[in-house]
Amino acid sequence: GLLRTEFIFMEHPDSPDLDTQVKEYRHAFDALNGLPLVARTLDVGGDKPLDYWPLPHEDNPFLGLRGIRLSLTRPEILETQVRALLTAADNRPLRIMFPMVKDLEEFRAAKAIVERVRAEIPCQGLQVGVMIEVPSCALLAHTLAPEVDFFSVGTNDLTQYTLAIDRGHGQLSAESDGLHPSVLQLIRMTVEAAHAHQRWVGICGELASDPQAIPVLLGLDVDELSVTSRRVPLVKACIRGLSREHAREQAKLALGKATAAEVRDALETL
Ligand code: PEP
Ligand code: MG
């Protein structure tokens, strides 16, 4: 699972204060009953505007002030969010990850905020990770791996930025397929870099619950799939019917193709 914290921000007419956020996150921790909460820090801008955080007009908002870039322009908002998460965690397992990071510099800037808060509010079992949504981050995963605790591949955005297709585009979005071999190569690079440093990799985009993609992702040695609750039974059934060997063959097959259509034709339909 993945807590997209911007939904909490979108539900309020003003930026939710510390107490409001602590209450919301506590709710999530309580429901998880000891399982780790994976919280993605505020991911607005681009397709997700916030009325109380007006942004200057941008010609290409998807390439503009989005995700962590926007958060780093108002670090006090990110700091309050992290403080609320650590307070609500109360030493329960917490994974914090940053969206739309492009390289180590941005990750370090965001992580410094977490470290500052952590010095005040100790949190055992805290892991700090980075989302792989921008191709530069996958290409440079080996530089990030020593400093992150985990990677989480946001295949929705990673596909959008790799194929240069707006994920919501009326005519083109059908071609924005995460099973495109270029996206799979980036996932492969991410996993290799992570495992070389004993870090884990999750997939949190919609590809994680695509029955044709699941064998490929497992064959690429991905460690965790994050899916909506409705898809959990389907994904579990898929995984239980697979051997590691078969998954590896499917991944190899997919990586050898030239287009998403070729990959889908070659893979078994489950
Ligand atoms: C993604 O981009 O794959 C992702 C998980 O984030 P969102 O869909 O919320 O942008
Ligand atoms: Mg995203």
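Buried means under 20% relative accessible area, exposed means over 50%, and partly exposed is in between. Keep those cut-offs at hand for the stops below. The model is predicted.

**Stop 1: V232**

Select V232. This residue sits in helix α11. Its relative accessibility is 31%, so V232 counts as partly exposed. Now add E79 and draw a line between the two C-alpha atoms. They are 33 Å apart, with these positions 153 residues apart along the chain. Keep α11 coloured, as it returns at the next stop.

**Stop 2: the largest pocket**

Show the pocket surface. The largest pocket holds about 1,000 Å³ of space. Its lining has 34 residues, and those closest to the centre are G1, L2, S226, V227 and T228. Select these five and centre the view on them.

Next, colour by secondary structure. Two or more lining residues come from each of β1 (3-4), α2 (18-32), β2 (37-40), β7 (224-225) and α11 (232-240). Which element gives the largest share of this lining? It is α11, with four residues.

Colour by residue class as well. The lining of the largest pocket splits into 19 nonpolar, seven polar and eight charged residues. Then switch to domain colours. Domain 1 (1-132) and domain 2 (165-270) each supply at least three residues to this lining.

**Stop 3: the largest cavity**

Hide the pocket and look for enclosed space. How many cavities of 30 Å³ or more does a search of the whole structure find? There is one. The largest cavity has a volume of about 70 Å³.

Select its lining: G1, L2, V38, M97, F150, S152, W200, G202, I203, C204, E224 and S226. G1, L2 and S226 should be familiar, as they are among the residues closest to the centre of the largest pocket. Two elements, β5 (150-153) and β6 (200-203), give two or more residues to the cavity lining. The most come from β6, with three residues.

By class, the cavity lining has seven nonpolar, four polar and one charged residues. Domain 1 (1-132) and domain 2 (165-270) each give at least three residues here.

**Stop 4: the magnesium ion**

Select ligand 2, the magnesium ion. Which protein residues are its donors? They are E133, through OE, and D157, through OD, at 2.0 to 2.1 Å from the ion. E133 is in the loop between β4 (126-132) and α6 (135-139), and D157 is in helix α8 (residues 155-163), so the pair ties together parts that are 24 residues apart in sequence. Are these two donors buried or exposed? Both E133 and D157 are buried.

**Stop 5: the second largest pocket**

Leave α8 highlighted and bring up the next pocket. The second largest pocket has a volume of about 270 Å³. Its lining is T155, N156, T159, R167, S173, S176, D177, G178, E206, L207, D210 and R264. Helix α8 gives the most to this lining, with three residues. Colour the lining by class and you will find one nonpolar, six polar and five charged residues.

**Stop 6: salt bridges**

Turn on the charged side chains. Side chains of opposite charge can pair when their charged atoms come close. This structure holds 21 salt bridges. Visit three of them.

- Select R40 and D43. Their side chains meet in a salt bridge at 3.3 Å, N to O. R40 counts as buried, at 3% relative accessibility. D43 is buried too, with a relative accessible area of 1%.
- Select E120 and R83. Their side chains form a salt bridge at 2.9 Å, N to O. E120 belongs to helix α5 (residues 104-120) and R83 to helix α4 (residues 75-89), so the pair ties together parts that are 37 residues apart in sequence.
- Select K102 and D103. Their side chains meet in a salt bridge at 3.5 Å, N to O. K102 is partly exposed, with a relative accessible area of 30%.

Finish by returning to R40 and D43. Add E6 and K48 to the selection. Salt bridges with shared partners join E6, R40, D43 and K48 into one network.

Conventions. Residues are numbered from 1 along each chain as its sequence is written. Chains are lettered from A and ligands numbered from 1 in the order in which they are written. This is a predicted model: local features need pLDDT of at least 70, side-chain atom pairs count only at pLDDT 80 or more; totals for chains, interfaces and linings use all residues. Side-chain values use heavy atoms; hydrogens and water are left out. Donors are N, O and S atoms within 2.8 Å of the metal (3.2 Å for Na, K and Ca); water is not among the atoms, so sites may look incomplete. Buried means under 20% relative accessible area, exposed over 50%, partly exposed in between (1.4 Å probe, protein chains only). On a 1 Å grid over the protein atoms alone, a cavity is a set of points where a 1.4 Å probe fits but cannot get out, and a pocket is an open set with protein on both sides within 12 Å along at least five of seven lines; lining residues have an atom within 4 Å of a point. Grid points are joined across faces, edges and corners, and a volume is the space filled by probe spheres set on the points. Ala, Val, Leu, Ile, Met, Phe, Trp, Tyr, Cys and Pro count as nonpolar, Asp, Glu, Lys and Arg as charged, and the others, Gly among them, as polar. Domain bounds come from an automatic or database domain assignment. A salt bridge is a side-chain nitrogen of Lys or Arg within 4 Å of a carboxyl oxygen of Asp or Glu.
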